[in-house]
Amino acid sequence: MLLLEQLLNGLQYSALLFLLASGLTLIFGIMGVINLAHGAFYMVGAFCAAYTAMASGSFWLGGLAALAGSALYGLVIETAIIRRLYNRDHLDQVLATLAVVFFTNELITLLFGRSPPAMPTPEWYGAFVEVLPGLMYPVSRLLFIGAGLLVAVGMWLLINHTRLGMLIRAGADDHEMVGALGVNIGRLYTLVFVFGCALCGLAGFMAAPLLSVEIGMGEKVLITTFVVIVVGGVGSVRGALVGALLIGMVDSLGRAYVPPLLDQLLPAETSGALSAGLLSASAYIVMALVLLVRPRGLLPARA
Amino acid sequence: MKKTLNLAMLGAVLASSLNALAQEPVRIGFITTLSTPAGYLGEDARDAFRLAIEQEGGKLGGVPVELLVEDDGLQPAKGKQIVDRMTLDGISLYTGVMFSNVLAAVVNAATQGDRFYISANAGPSNLAGEQCKANYFAASYQNDVPHEMAGVAANDLGYQKMVILAPNYQAGRDALAGFKRTFKGEVSEIYTKLNQLDFSVELARVRALNPDAVFQFHPGGAGINFAKQYGSSGLAKSIPMVVPVFSMDERMLAATGNVAEGVNVVSGWNPQSDKPANQAFIQAFTAKYNRAPTMYAAQGYDTARLIGSALKATSGNLEDADAFRSALRAADFDSVRGDFRFGSNQHAVIDWHLLKVQAGADGKLAEVPVKTIATAQVDSYAAKCAL
């Protein structure tokens, strides 16, 4: 029963990673932009959710504000900055998007101050559901898993069964050819970027009641998100899903079972240090192993 | 550039004319953490320090002072750069560092020769024992004491079996060691990752171990994450939590919301103490900054007024280091934390309180005093200090 609960916990962490990674991988894969500012949109979403929910008293309105706020901020940043980076090399992109990170952090500090806000939640949010006989699981975390699932299905439909999805796939394969065929590639890029930012907003909204809504919250999760897309294969949403599941599960199950196991095998002093080292490196160990076997990631966008 | 030039010129004027010294303001180097998510710690300490200066019209202890604030960004290397630059500028009085790792990089330069460092927060154990320094004072606390006091509080509350959690780095391991030093019952330790976001896995382990209570040390954002998830996991209803104040200060409480109700908090500052100095401080701070002070603010304010008392006794003359040191040791000021004196290792000896998060008079959650855990608590390293 504990194993099942830990699996659900892993699934929930995977859902957070997937929401962030799916947008990032599209932006990276299609536009070729290394977007270090991706976490900033997640932070903007969380702040919009918390302050709107506090002001209006409505949890769902907070969610709407998170999506709208992140998308709008994404539109502004894409128009003002990212658009100019498509044909630059990666160093320029890293520098410019890093500047966006600093700028956004200061902007939020100026607007909201340094105190992290509390996201008010409705009564049902704190309730528990009996997912299996004897296993009670909080609604808050089920909601998170549900959102991840919904986005995964939605993305699959969007990419495989719509005209827009076709253009996205084509753009990932050969964006020059797509442009030559008369598709407004600039508008497609803007659309994809804003869509990725809206997904960040959704992640921020889901995370706001469970995590601290604070300056710099995006940077904390950004590195793991990059690991996810590298493991999954850059530019591939399916890869992002598999990568998020792999990294989320390894991290959660590792934290659950590695320390007790090592405690039994080794003396207390060595086991503590060893399990701490293993756990902080777990995502990178997975990445290294995957890249050894499949240098382009598990499910690369381009075969 | 112009400012540095001005400072350099000011330094030259100071050096050339001893007579002018009495009128020139005493400059205080305030190196603290203002950026990063932990920036609110430094912000509160700085604002409280400024409040004390403002209340005296730009003076401390009747001596004009100038506060030079710099952000260390929670990076030891940056803290070191700042203190080196400030010593070149001729500053000989320092305070403000929030974190032990930054302090370790700053403290040597800040206490060399006739320079003084007075800590408003961090109190690492190595500076409290054998390596204590004549020109280093901790007006805050020694790092181990809050955790030792949490152990005493857990004994008092009758808990026999506890799960204790902290991130796996120096301060986290020290916290658990400090707790175990005084707690008499049985403990299971769980180490978390530094900067961990999601604690569901650890919480499931806590539920499986089913302890009487939980002790955890997660300052700042990680502590808010932990407390929010502890509440939403339903554990808060069945298993009480005992934490040092770093894991639940006023700002964290505001960010955590209702699920923090019932948490036992161990603090060296009782925010509801009816001591006039404390009430006046809280009123003035809230009126000026429109937010409730944290214990970081209380310590910053105490540090400012301690410096004020020593400046008063020496008429602002820092040249005579021995006289200034004796004046600091006397600690002749009205602390907002109650009775205050320095131990033999020049670390604060104060009372420790058990607070509980519950609805206050205005219906909002507050940290309400339950009892005093220890009076005039001396830290466990003082005996090893040869001062």
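Trainee: How far apart are the centres of domain 1 of chain B and domain 2 of chain B?

Mentor: Taken over C-alpha atoms, the two centres are separated by 29 Å. This is a predicted model, in which local features need pLDDT of at least 70 and side-chain atom pairs count only at pLDDT 80 or more, while totals for chains, interfaces and linings use all residues. Residues are numbered from 1 along each chain as its sequence is written, while chains are lettered from A and ligands numbered from 1 in the order in which they are written.

Trainee: How do you know where the domains of chain B begin and end, and what does each give to the contact?

Mentor: The bounds come from an automatic or database domain assignment, which gives domain 1 as 2-141 + 274-342 and domain 2 as 144-267 + 352-384. Two residues are in contact if their C-beta atoms, placed from the backbone, lie within 7 Å, and the contact takes 13 residues from domain 1 of chain B and 17 residues from domain 2 of chain B.

Trainee: What makes β2 and β6 of chain B edge strands?

Mentor: A strand is a DSSP run of E with at least two residues, a helix is a run of H or I with at least four, and both are numbered from the N terminus. Two strands pair if DSSP finds at least two bridges between them, and chain B has an open sheet of six strands with mixed pairing, in the order β2-β3-β1-β4-β5-β6. Strands β2 (59-60) and β6 (136-138) of chain B each have a single partner strand, so one side of each is left without a neighbour in the sheet, and they therefore stand at its edges.

Trainee: How do you know that β5 and β6 of chain B are paired?

Mentor: Strand β5 (residues 116-119) of chain B is joined to β6(B) by three bridges, which can be set against the minimum of at least two, and the two strands run parallel. Within this pair, B:Ala138 in β6(B) stands opposite B:Ser119. Helix α4 (residues 100-111) of chain B packs on the sheet, touching β1 (26-32), β4 (93-95), β5 and β6 of chain B, and its direction makes about 145 degrees with that of β5(B); such angles run from 0 to 180 degrees between N-to-C directions, with axes fitted to C-alpha atoms, for helices over the stretch in contact.

Trainee: Why is B:Leu74 called buried?

Mentor: A residue is buried if 20 or more other C-beta atoms, placed from the backbone, lie within 10 Å of its own, exposed if 12 or fewer, and partly exposed in between. B:Leu74 has 21 C-beta neighbours inside 10 Å, so B:Leu74 counts as buried. B:Leu74 is found in the loop between β3 (63-71) and α3 (76-88) of chain B, and its phi is near 60 degrees, a positive value in a residue other than glycine.

Trainee: What makes B:Gln346 buried or exposed?

Mentor: With 25 other C-beta atoms within 10 Å, B:Gln346 is buried. B:Gln346 lies in the loop between β12 (341-342) and β13 (348-359) of chain B, and its phi, near 65 degrees, is likewise positive in a residue other than glycine.

Trainee: How many bridges pair β1 and β2 of chain A?

Mentor: Strands β1 (residues 128-132) and β2 (residues 135-138) of chain A pair in the antiparallel sense over four bridges, and A:Val129 has A:Tyr137 in β2(A) as its bridge partner. The two strands form a hairpin with two residues between them, and A:Gly134 in the turn has a positive phi of about 85 degrees.
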